[in-house]
Every structure is written in structure tokens, then in C-alpha cells.
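Work through the exercises below with the sequence and the 3D view side by side. Each task is followed by a worked solution.

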Amino acid sequence: MKNKFYITTAIAYVNAKAHMGHALEYVLTDTLARYHRLKGDETFFLTGTDEHGVKIFNTATKANIDPQAFVDANAKAFMDLKGLLDLSYDDFIRTTDRKRHWPACQKMWKKLVEADDIYEKEYEGLYCEGCEMFMQPRDLENGQCPIHHKAPTVIREKNYFFRLSKYSAKILELIESDTLKIVPEQRKHEILGIVREGLNDVSFSRPREVLPWGVEVPGDPSQVMYVWCDALTNYISALGYTEESATFKKFWPADLHVIGKDIVRFHAGIWIGMLLSAKVKLPKSILVHGFVTHEGQKMSKSLGNVVDPVELVNRFGTDALRFYFLREIPNGRDGDYTEKLFIERYNSDLAHNLGNLANRVHNLVNKNQILDFEFKTGSEAYRQKVDETWKLYEESMDSHNVHEAVSHVWKLVDFANKNIDLEKPWSLIKTDPDKARSVLCNLLEVIRHISLMVEPFIPQSSGKLRLMLGLPPVASFADEREWGSVTQWHNVGKGVILFPLIEPPKLEAK
RNA sequence: CGCGGGGUAGAGCAGUUGGCAGCUCGUCGGGCUCAUAACCCGGAGGUCAUUGGUUCGAAUCCAAUCCCCGCAACCA
């Protein structure tokens, strides 16, 4: 019996290019998807783009570009990340997809109407023309917009509202009981606090004059769906919610939504409310990640300290960036990026610990012409360490704690480095070749296990490692998870430099 | 008294059924020489924010205080 695993990222708003936060989310999600695939779960990994809204419409028209052409170009930049970050998603959904996405949104809307959860309301708000958005009275300074120093105008408009308040108590219960699991725990507390105060009904549509770029409300061409019913529905529209396709039936509900800490309330609140109302099954859990700061500061255009993930990949490579995110950023918390730390982590963990380990073992095997040998039983101590690592690794990965899983694997790398030093195969070669052979076998075997465990983190490097070992790429854990499951070492390659050292930046560069 | 998170070695962090304070990086000393000036071993470095309490014993439980950071309707 095969388990299924459906995992999603949030869809990216395409009015700007991808930043570190997107990259972090994609890498984290990709790693979990890869893990589940190797584990044998039938896995579906979805990502996509959010392409509607006033902001995008205005940016495009100001630049004299057709909105669709504008989002096409921007969405492409996000799709290009697949290669750059080595992402393994199965599908990419765009909210401007009129064939797949729009009908699903409209079906969702109709379901909400059927449940009597959509009602019409005259909305009155303070609108700042400069900001092009509604403002809350508490945001104003002396009745004026603090940015544009102009009094906002009072605008009245017709909106459809979604009766989210009706589901407030139910949602609270779902989160408290972990029926909808929110990890890490810290984020669960945060959202519980918000839900306990009671969720309010939310505006679900706006007049077409103010929101011309979006999905039409069924039965009322004068109204366009506001972001919620449009964007959140992507998680099911891509699977084929509209026609209740086989894919939809197989993969929904989602096993895991991976999102940033700023949108927890929408996923744990509005999205769940919508599904309850439409009588669609609920996602099982939500994994919340933090933001990426730069030298301890929030990245922002105004501070001019934005780090471009694409540039980092070009400079240091895909796996270097993937590894940094996974190794350095603890579950759910904000992570800091500094170039110094990035290079340090890479040089120390990847180059010196893992890369050098693989290199020295392979060179010992090659130099001493013991390329072709058979693996007997191996050392009990090594076997135990590997088994123990697998257990911890799986525990961490199964609870979506990738950061912890990485650190377990690196303890195994340390173990190997320590033992090669204790057993000194380079001198055993001269005194006791058989013993040397068996030591090297144990080490190769450990490296093989490492190549399996790191595949979800750094797939390219895992592939190179396998090539060195003379083994095919990792296909699944099941085939190779046991100690000693590879018995013949015929094609052990030469030691190559897996991770070339990165020169630390010159001081004057700063 | 809005809600939530946190204050542990130079930096970044672990550490709740209370029991001699740990990890990574950096730093200092030693070892090894198979390897990417890598790897291994050892040392130095902390009044665990403050104050009081419970206890044979508290980073860990309780009370109070100080400080930092998120969130409070549409920026991952």
C-alpha cells in the first residue's frame, strides 16, 4: 500500500522578481517532496503564481504593457527557478489560467453561495489615491496619509462578503486538536491567539471598475473576485477540482501547505473556512517558515540590502544555496543571511567535512589498487551508527524538520571522519591489507548512506557522490536503506573535488 | 495590563517528567600526513537577563521586574 503525499508552496505574487524568501520556501518544499518520493510515497508537488490584482494591473498599464503579457514575462522568471534551484515540482499553476484555474474559482464561489455564506454589503472605507489602497483610521496621522500627506477620500462600494465568522469556532477547535496541524508549535500559538478573538467576515469581491484584473464573480459581471477566493483556490484548481478529476480525488486533501509566517492567518483562517463552507476536505498540516534577513536586518528595497538568490546560485552553485537554507535556518524561525556565514558553512560542512571525506576515502581505495572487492558483514559499530542516524533522520523529516535532519546527517559525516583517523587505513595498507580493505569498505558504505540521505537536500551533489561510488543515482530508499545492501564495490571512482573551496572575500571588498 | 515569541561562552543556537551547563563556528595548544593548508584530540571562555520563592537540588517549576523581536485584514 502506497501512501500519497500532496505538498504545496504558496503561489508567488508576480509584480516583482523572486527574492530569498521565495527561494527558501521552494527549496524547503522541494526537499520534503524529494524525501517523500524516495520514501516511496506517491508524491505531488505544486507551486505557481498569483497574477491578479490592482497592483499588477496598474504596474502593467503604467508601463504601457498588456497585463497578460506583463504577467507572462514575470511568471516565466519564476518558472526558470526550476532549473536554477533544482526544483522537482510536478505542476505549476497560474491564476490567469482560464481553463484550469478560473472554473475552479467560480465553482468554489458557487459552493459558498449555496451554503449561504456569501452576502452583499455596502463597504465604506478611507481610500488613499497615492497608496491606491484602503487605509485604517489608526494608520492615519492627523487624518492624513502618513506617506502622501493627503486626506484619504471616503469611498463607498458594493462588495460581496464571505461569512467567515460562522466558522470561527470550528476552526479554533480544528487547530487546537491538531486536526489541522500547524508547525512549528510557536506558530500554532500565534494563530490560536488570533482565532480565539473571533474571525470576522471578509470582503470577497470588488467592483470591476476598481479591480479590473481578476476572475469574474459568477452571476454578477460587475464584480471581480478579491484575492482570497482566487488565490487560495489554486491548491485545488491545479488538481482538477472543477471536474473532480482522478488526480483531485487521489491527492486532495493536501498533506502539507508550506507557507511564510505572514500568511498563516489566511491559510489557517480563510482557506479553512472556505473549504468548510464548500464541503471540501481539509488540508492536514501547515508548515510555517520565517523570513530571511540580511546581516540581521530586514531585506527591503528602501534599505538597498536585498540579496538576489539567482545571483547567489550563479556565484556559488545551486547546492550551496540549498544547503545554506536547510542547514542554517531553523524550522519556522527567521534566518539570517550573511556572505561570511554562507562561505563559512559551505567551506566547513560541504568542502571540508563531506567533500574531503569522500575524496580521501576514494583516493585511498584507488591508490592502493583495491578497487574490486566484496563487502562482507562490516563493522557493528558503523552499522549501529548508520541505523541510528536513519532513525533520527526519518523522525526529523517526517515531522518536517529539515534543519534537524541535516544536522543528524552531518553527525554521521563527523563520525566517519573521526573513525578514518582512528583506524588509519593508510598505514594498515602496509601492515594488514585485509584489515585496511575492511575499514575502507565500512567507510564507503557510510558514504553510500550519506549519498542517500542528502539527495533531498543537495540532489546534484548526491549524484556526483554516487558517481564516485560507482553507483547509479538514488532511486528509492527502500532498495538501499539496509546496512550492507550493496555488496559489490566494482566501480569505485577516483576521488574528485565535490565542493571546491570558496575564497573568503577580501577585506577591502566590503 | 492587546496577542505571541525570546533573553544560555566572542558569534549563532540546543537544552521541560528539575539532578555535575552542551553543540557549531571562531580562538589557543597538540596529533596525523590518506585528503580540498583539509582531518583528529585537548584547553581557554558562561554569576544560564534581574530579584525573590518552592526544593536535598532550578537554565528547567512559581511570582515579580527589565530588555529585545514579531503580529494586530491583504509584502514569502
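Helices (H or I, at least four residues) and strands (E, at least two) are DSSP runs, numbered from the N terminus. This is a predicted model: local features need pLDDT of at least 70, side-chain atom pairs count only at pLDDT 80 or more, and totals for chains, interfaces and linings use all residues. Residues are numbered from 1 along each chain as its sequence is written, chains are lettered from A in the order in which they are written, and side-chain values use heavy atoms, with hydrogens and water left out.

**Exercise 1. Positive phi**

Task: place Asn64 and His400 in the chain, and decide whether each is buried or exposed.

Solution.
- Step 1. Asn64 sits in the loop between helix H2 (54-62) and helix H3 (67-79). Its phi is near 60°, a positive value in a residue other than glycine.
- Step 2. Apply the cut-offs: buried means under 20% relative accessible area, exposed over 50%, and partly exposed in between (1.4 Å probe, protein chains only). Asn64 has 73% relative accessibility, so Asn64 counts as exposed.
- Step 3. His400 is in the loop between H15 and helix H16 (402-423). The phi of His400 is near 65°, again positive in a residue other than glycine.
- Step 4. With a relative accessible area of 10%, His400 is buried.

**Exercise 2. Cis peptide bonds**

Task: find where Pro184 and Pro253 lie, and state the omega of the bond leading into each.

Solution.
- Step 1. Pro184 is in the loop between strand E8 (181-183) and H7. The bond from Val183 to Pro184 is cis, with omega near -5°.
- Step 2. Pro253 is in the loop between helix H10 (246-251) and strand E13 (256-260). The bond from Trp252 to Pro253 is cis, with omega near 5°.

**Exercise 3. A helix pair**

Task: describe how H1 packs on H15.

Solution.
- Step 1. Two packed helices are described by the angle between their axes and the distance between the axes.
- Step 2. Axes are lines fitted to C-alpha atoms, for helices over the stretch in contact, and angles run from 0 to 180 degrees between N-to-C directions. Helix H1 (residues 20-39) and helix H15 (residues 380-398) pack at about 125°, with axes 11 Å apart.
- Step 3. That angle makes H1 oblique to H15. The classes are roughly parallel under 35 degrees, roughly antiparallel over 145, roughly perpendicular from 65 to 115, and oblique for the rest.
- Step 4. Contact means heavy atoms within 4.5 Å. H1 contributes Thr31, Leu32, Tyr35 and Lys39, and H15 contributes Tyr393, Glu394, Met397 and Asp398.

**Exercise 4. Cysteines**

Task: how many disulfides are there, and where does Cys105 stand?

Solution.
- Step 1. A disulfide is a pair of cysteine sulfur atoms within 2.5 Å. The count by this rule is zero disulfides.
- Step 2. Cys105 is in no disulfide; the nearest cysteine sulfur, that of Cys229, is 5.8 Å away.
- Step 3. Cys105 is buried, at 0% relative accessible area. Cys441 is also buried, at 3%.

**Exercise 5. One leucine and the whole chain**

Task: which residues does Leu192 touch, and how much of chain A is buried?

Solution.
- Step 1. Leu192 lies in helix H7 (residues 185-196). Its relative accessibility is 5%, so Leu192 counts as buried.
- Step 2. Leaving out residues up to four places away in sequence, Leu192 touches Leu172, Ile175 and Glu176.
- Step 3. Of the 510 residues in chain A, 55% are buried.
- Step 4. Chain A has 20 helices and 19 strands.
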